[in-house]
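Please open the structure in a viewer and keep the selection panel at hand. The tour proceeds by selections, each followed by a description of what is found there.

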Amino acid sequence: MGVGGNLFRWFTSYVENRCQTVVLNGYTSRRTLTNIPSGVPQGSLLGPLLFNIFINDIDNCFLTSKIILYADDLKVMKQINRVQDAIELQEDLNRFQAYCKTNKLDLNVNKCYVCSFTRKHSPIFQVYKLLDTPLSRVSNIKDLGVTFDSKLLFDTHIYNIVSKASKALGFLLRVSADFKNIKTIKILYCSLVRSHLEYCSQVWNPMYNVYIDRIERIQRRFLGYIQYRCSCYLPDYVTRCKKFHILPLIERRKIADLSFLFGIMRGAVDSSELVSKIALNVPTAHLRGFNLLHVPIVDSKYRQNSYMIRASRMYNAACRSVDIDIFSSSVTKFKKQLGNVFFDQA
């Protein structure tokens, strides 16, 4: 890796001559200290860096597949359109297996899964193996807090977060029965309940009303409790949101989409692949008003709800009601202006 001299000797002294023992409730195991011939100190700052250096050449195993790697968490992806594609993917896995054996890396096959993301009626389901063990096939899988289902409808994820938020709301309503300050209850709701319903919404933002209403029902229940505590009656949900200055969750998801788009276009989100998917409109004539972002024409509602198309369409619509420049305005100002649009409506 080009590291030598004193720095290399410092790294060497950091990982060599280490040993371990077991201590439980103040008692140390009778055995002498056991030497550790490999690995890096768990929980150390340099541990992930040293491990990444050690497996820096792992991408050479995957000649036909794409990989996403974060420390020891590896995802292998390949588009399967024919049987030959599945064979090539298995060959990549074979090379990966040989790499791990050569470098003395253990594979836990029980934690390895196969998930096919497709909407085809007759997809190709191949049995993939590691260490001569067939990998378990699942219809949904959880990654970084988001549950991905095989059709990418995210109905399972929405069911999970609604269930989790409903339990958190029930707990909040029980423990806040003696609270006098409504603002305190709002703060607890936003941090303990609403956060479950908004995490990573750019990925799973629903397009069907049945899922939108299911999520919104949690906040409806909370606002009903708040108006009861304030001894007032408001006829509808929107009026309650304005009264207690809480945006509907569907509006907050729109603002989150646009804020993430700001980050992509202004370099705050380091992803060249996402930047390449943004297309600017180039007008053929001098027009007083035109859409800044180009929204491609797609032939399905499912495709229309993909993030980049959805966010570009919302940005063009927002520019008609809010005087904003994505290249010079701050994200905080933009979010505040979008929120004010809802509260200023009659």
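Two strands are said to pair if DSSP finds at least two bridges between them. With that criterion in mind, and noting that this is a predicted model, select residues 66-70, which form strand E5, and residues 73-77, which form strand E6. These strands pair in the antiparallel sense over five bridges. Within the pair, Ile67 stands opposite Val76 in E6. Next, select the turn: the hairpin of E5 and E6 has two residues between the strands, and Ala71 takes a positive phi near 55° there.

Now display the whole chain. The chain contains 13 helices and twelve strands. Its radius of gyration is 26 Å, well over the 20 Å that the globule rule gives for 346 residues, so the chain is more spread out than a compact globule. The C-alpha trace spans about 75 × 65 × 50 Å along its principal axes. Of the 346 residues, 31% count as buried. A surface display would show about 22900 Å² exposed by the chain, with carbon and sulfur atoms supplying 54% of that area. Among contacts with a separation of 6 or more, 57% are accounted for by residues 24 or more positions apart.

Which residues touch the most other members of the largest nonpolar core? Select Leu169, Val193, Leu197, Phe222, Leu261 and Tyr315: these hold that position in a core of 51 residues. To see where the core comes from, colour the elements that each give two or more residues to it: H4 (155-175), H5 (182-198), H7 (209-229), H8 (237-243), H9 (249-265), H12 (307-321) and H13 (331-344). Helix H4 provides the largest share, eight residues.

Centre the view on Phe222. Leaving aside neighbours within four places in sequence, Phe222 is in contact with Leu169, Leu172, Ile185, Lys186, Tyr189 and Ile246. Apart from the largest core lies another core, of 15 residues; select Ala86, Leu93, Val114 and Leu130, which are among them.

Finally, isolate helix H9. At 1.5 Å a residue, its 17 residues should span 24 Å, and the end C-alpha atoms are 24 Å apart, which agrees. Which residues of H9 are buried? They are Leu249, Arg253, Ile255, Asp257, Leu258, Ser259, Leu261, Phe262, Gly263, Ile264 and Met265. Of these, Leu261 has already appeared among the residues touching the most other members of the largest nonpolar core. The last selection is Gly267, which follows H9 and has a positive phi near 85°.

Notes. Residues numbered from 1 in each chain as written. Predicted model: local features only at pLDDT ≥ 70, side-chain atom pairs only at ≥ 80, totals over all residues. Heavy atoms only, no water. Core = buried A, V, L, I, M, F, W, Y, C linked by side-chain atoms within 4.5 Å. Buried < 20%, exposed > 50% of the residue type's maximum accessible area, 1.4 Å probe, protein only. Helix = DSSP H or I, 4+ residues; strand = E, 2+ residues; numbered from the N terminus. Contact = heavy atoms within 4.5 Å. Rg over C-alpha atoms; globule rule 2.2 N^0.38 Å. Areas by Shrake-Rupley, 256 points an atom, 1.4 Å probe, with all protein chains shown as cover. Expected span 1.5 Å × (residues − 1).
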